[in-house]
Amino acid sequence: MQRPFRAWWRVFKGRFGSSHSQGSPLDRANATATQTQMQYRRAQGVLRAVWGYPDFRANQAHAVRRVLSGSDGLVLMPTGGGKSISFQVPGLVLGGLTLVISPLVSLMQDQVATLAGRGVAAFAMTGSVDLRVARFLNRRIVEAPAFFLYLAPERIGSPLLATIIEGHVPTRLIVDEAHCISSWGHDFRPAYRQIHRLRHAWNVPCVALTATATPRVARDICRVLDLQDPFRLAFSFARDNLFFAVRHGVDPGPDLTRILSQVEGSSIVYDASREGTEVWAEKLRRAGLKAAAYHAGMAAEERARVQDAWLRGRTRIVVATNAFGMGIDKPDVRVVAHVGIPDSIEAWYQEAGRAGRDGRPALSIVFDTPDARSSREAIMGMGATRRQRSRFAAMLRWLEREACRNWGVLGYFGQAAPDECTACDQCRPDLLGSWLGQPARTPMG
Ligand SMILES: [Zn+2]
């Protein structure tokens, strides 16, 4: 069977001729509004034929138009908002080589597998590339109407990369998880600082994407990548189906088992330590729930087995350290509970945001206990930098907040909050009661 992109390409080429050899990247940057409009219609065609979606969501449509117009940009879009579509579809419409910098092998492999399944030529430069493969890829880039090359920032400057792209100038540079570029961000990765070398070498449009960036981190991304007059698209991080709650000082056990037994679908419980995940998984199993632990100390096959059983719904609950969840997009996660305290609002929000991606009601609850605090303190230890400490302090302030939690987190990310909140324990304590399976409580009670 023809895979969708190839089928689309064959029809498109028959009607309009090749599109990816038109002009230099600079010409594209100067493309008129009419051209962009034409390209946008083609993008809608690609979305329908290759992804099977009727049209872009409003926020994606903005991002796609801007990427098509060839300008530099910064896209702030929460996870699950369809970030990758906003550069993959334009990549197919404009053709040529798109270089994608991404921090994690699993994220790259996921995206490459998804693209390949749609008939799109894509490759992730992970451990297994040798000179023979590099030469083969070099030829593939010429033959394919569009090609996506994924690599970790550590590969920039490697001779193999030079072989793969020899004779080609990428038509655009995409920096995914761009907050890793900022030492103010929570996942600073020094190799991200190498990316500006590619910027200067090629002078091609560069689009940075991230799901979590404070205004300071966003400024840092634009500065370090030297983005020229970038468009900025910040989509609301507000998720009105996701209820935020914090429980102070109570033993999480009874609340947690009650919440998890009365919801359907899958759940994730995060703890800060590996031992903690084993202990909590055992406690939940004793309470009759299907739970399994997941942490980086387990053998790779065992981790894969646990993740697979959870993805298929055979194990409803995974009790994990922060090693779990990157690149996972499971729509029916109903509860993300933290029995350990996250080290930053960014980390917490990324984990909590895995709940309720299907748009149905979901709960993020943090159990703020003295044990949980001291356990996180111990992990941070003496080695924590001043910035790490200040991010942790912001997390604690959010936990101690006596006003709307949504306003707290949106304010932290520099975003406007909705006038009315219906999804946090400060604004709607009655709804917290129903998650906990208790009669409604008033703030005074
Ligand atoms: Zn609220």
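Visitor: Which residues does Cys180 touch, not counting residues up to four places away in sequence?
Guide: In this predicted model, Cys180 lies in the loop between strand S5 (172-175) and helix H9 (195-202). Leaving aside residues up to four places away in sequence, the residues that Cys180 touches are Pro103, Gly185, Asp187, Phe188, Arg189 and Tyr192.

Visitor: Does Cys180 count as buried or exposed, and how many C-beta neighbours does Cys180 have inside 10 Å?
Guide: A residue is called buried if 20 or more other C-beta atoms lie within 10 Å of its own. Cys180 therefore counts as buried, since its number of C-beta neighbours inside 10 Å is 26.

Visitor: How far apart in space are Cys180 and Ile221?
Guide: In sequence, Cys180 and Ile221 are separated by 41 residues. In space, taken from C-alpha to C-alpha, the distance between Cys180 and Ile221 is 8.8 Å.

Visitor: What is the radius of gyration of the protein, and what does the globule rule give for its 445 residues?
Guide: The protein has 18 helices and 13 strands. It is as compact as a globular protein of that length, because its radius of gyration is close to the value that the globule rule gives for 445 residues. The radius of gyration is 23 Å, and the globule rule gives 22 Å.

Visitor: In what order do the six strands of the open sheet stand?
Guide: The pairing in this open sheet of six strands is parallel. S8 and strand S10 (291-294) stand at the edges with a single partner strand each, so one side of each is left without a neighbour in the sheet. Reading across from one of these edges, the order is S8-S13-S12-S9-S11-S10.

Visitor: Which residue in S11 is the bridge partner of Ile268?
Guide: S9 and strand S11 (residues 317-320) run parallel and are joined by four bridges. In S11, the bridge partner of Ile268 is Val318.

Visitor: What angle does the direction of helix H12 make with that of S10?
Guide: Helix H12 (residues 274-286) packs on the sheet, where it touches S9, S10 and S11. Between the direction of H12 and that of S10, the angle is about 175°.

Visitor: Which residue in S12 is the bridge partner of Ser267?
Guide: S12 is mostly covered, with six of its six residues buried. On one side, S12 pairs with S9 in the parallel sense over five bridges. In S12, the bridge partner of Ser267 is Val335.

Visitor: Which residue in S13 stands opposite His338?
Guide: S12 and S13 run parallel and are joined by four bridges. Together with H14, these two strands make a right-handed β-α-β unit. Opposite His338, in S13, stands Val366.

Visitor: Why is helix H14 largely enclosed by the rest of the structure?
Guide: The buried residues of H14 include Trp348 and Tyr349. Among the elements that cover the buried residues of H14 are strand S8 (242-248), strand S13 (362-368), helix H16 (386-400) and helix H17 (405-412). Helix H14 (residues 345-352) is largely enclosed because the number of its eight residues that are buried is eight.

Visitor: What share of the 445 residues in the protein is buried?
Guide: Among contacts between residues at least 6 apart in sequence, 77% join residues at least 24 apart. Of the 445 residues in the protein, the buried share is 44%.

Methods: Residues numbered from 1 in each chain as written. Predicted model: local features only at pLDDT ≥ 70, side-chain atom pairs only at ≥ 80, totals over all residues. Buried ≥ 20, exposed ≤ 12 C-beta atoms within 10 Å, placed from the backbone. Contact = placed C-beta atoms within 7 Å. Pairing = 2+ DSSP bridges. Axes fitted to C-alpha atoms, helices over the stretch in contact; angles between N-to-C directions. Right-handed = clockwise from strand over helix to strand, strands pointing away. Rg over C-alpha atoms; globule rule 2.2 N^0.38 Å.
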